Amino acid sequence: MPLLRCPRGGDLKLKLSFLGGAGTVTGSRHLLTAGERRVLIDCGLFQGLKQLRLLNWQRPLVPPSSVDDVVLTHAHIDHIGYLPRFVREGFRGDVHCTRPTSLLAPVLLYDAAKLQEEDADYANRKGFSKHRPALPLFDSADVRRALRVIRPIPNADPVQLGAGVSVRLHDAGHVLGSAFAEVRVEKGGRETVVVFSGDLGQYNAPLHNDPAPLPPCDALVIESTYGDRLHDRSPLADRIRAPFRRTLARGGTILIPSFALARVQTVTAVLRELMDAGEIPRVPVHIDSPMAVEITGIYRRFAGTEYLE
């Protein structure tokens, strides 16, 4: 557990613990301890390989009841998916996030609970689980309890969490409502600033704002899913125009597997622009995902606005 010291001296000492999202790119959970105050940045579910998923079933490394606040950077399950279990295990504080994230969270968390419940039911019917009975990691009732403690932040102003700790959310440009968290800790007239990146978006991306400028800080915690490669910076429309033309010209059907949050909305928006410009034929576009359709409705509410306002 690294110890962060205020560079301007004094007795202000912070402790930063990585409970997830370190050594892997899933299960984001970063705990900042400032004196008696504990703030958890993100509360993500471990996803992917079985050895990662099993981490969700282990006893939390820090008692949830000892955490005062949770700050969510965005609504992807690897950043919010453990929240229902965290509340079930004893967390009694508030969860802070942007307004769009507070609207997206129920959609994604109820879907995750449904999958957990279906997996447990299937294991019980087929009898392959060593547990009798097999139980979901969390269920819909746990989601309802978790949603009751979400407190959306209406704008980009600092929110006081207590004990000299405040948080301010800045647009991260990753998905609707995504933010990076600026946490300030003040004691005895001295201040330390720690910034948590969450997931950052690219510049000039359809539908999303550019990431806000990084504020001055003493420590920067960066998540780096794609740190070992370079993104293709050509516009999405340029990448899909030619193959779409070829396929539609021969009467073909295009199937696009896509994330329900952000990717579906981005692709459909670009397709609409290409059709309106006459660059590809007008053809029906079907979104075969009730969750993606619901998320698209939330996107419409915030299109063309500053997400944090």
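Which residues of α6 are buried? They are A237, I240, R241, F244, T247 and L248, where buried means under 20% relative accessible area, exposed over 50%, and partly exposed in between (1.4 Å probe, protein chains only).

This is a predicted model, in which local features need pLDDT of at least 70, side-chain atom pairs count only at pLDDT 80 or more, and totals for chains, interfaces and linings use all residues. Residues are numbered from 1 along each chain as its sequence is written, and side-chain values use heavy atoms, with hydrogens and water left out.

**Helix α6**

Helices (H or I, at least four residues) and strands (E, at least two) are DSSP runs, numbered from the N terminus. Helix α6 covers residues 236-249, and its 14 residues should span 20 Å at 1.5 Å a residue; the end C-alpha atoms are 20 Å apart, which agrees. The expected span is 1.5 Å times one less than the number of residues. At A242 the helix bends by about 25°, and a proline, P243, follows within four residues. The bend is the angle between axes fitted to the seven residues ending at a residue and the seven starting there. The cover over the buried residues of α6 includes α7 (263-276). Just after α6, G251 has a positive phi of about 80°.

**Nonpolar cores**

A nonpolar core is a set of buried Ala, Val, Leu, Ile, Met, Phe, Trp, Tyr and Cys residues joined through side-chain atoms within 4.5 Å. The largest one holds 45 residues, and L40, V70, F86, V95, L104, L261 and I295 have the most contacts inside it. At least two residues of this core come from each of α2 (77-80), α3 (83-88), β6 (94-98), α4 (99-126), α5 (140-147) and α8 (290-302). Helix α4 gives the largest share, eight residues. Apart from this core lies another, of 20 residues, among them A34, I153, L161 and V183. In soluble globular proteins, nonpolar side chains tend to be buried together.

Contact means heavy atoms within 4.5 Å. Leaving aside neighbours within four places in sequence, I295 touches L104, V107, L108, A260, L261 and Q265. L108 lies in helix α4 and counts as buried at 7% relative accessibility. With the same neighbours within four places left aside, L108 is in contact with A75, H76, I77, L261, M291 and I295. L108 and G90 are 18 residues apart in sequence, and their C-alpha atoms are 22 Å apart in space.

**Salt bridges**

A salt bridge is a side-chain nitrogen of Lys or Arg within 4 Å of a carboxyl oxygen of Asp or Glu. By this rule there are 14 salt bridges. Three pairs are listed here.

| Pair | Closest N to O |
|---|---|
| R85 and E89 | 3.2 Å |
| R125 and D121 | 3.0 Å |
| R241 and E279 | 2.3 Å |

The R241 and E279 pair links distant parts of the chain, with R241 in helix α6 and E279 in the loop between α7 and α8, 38 residues apart. R241 is buried, at 18% relative accessible area, and E279 is partly exposed, at 27%. Salt bridges with shared partners also join R88, D142 and R145 into one network.

R85 counts as buried at 12% relative accessibility, whereas E89 is partly exposed at 33%. R125 and D121 are four residues apart in helix α4, so about one helical turn separates them. R125 is exposed at 55% relative accessibility, and D121 is partly exposed at 39%.
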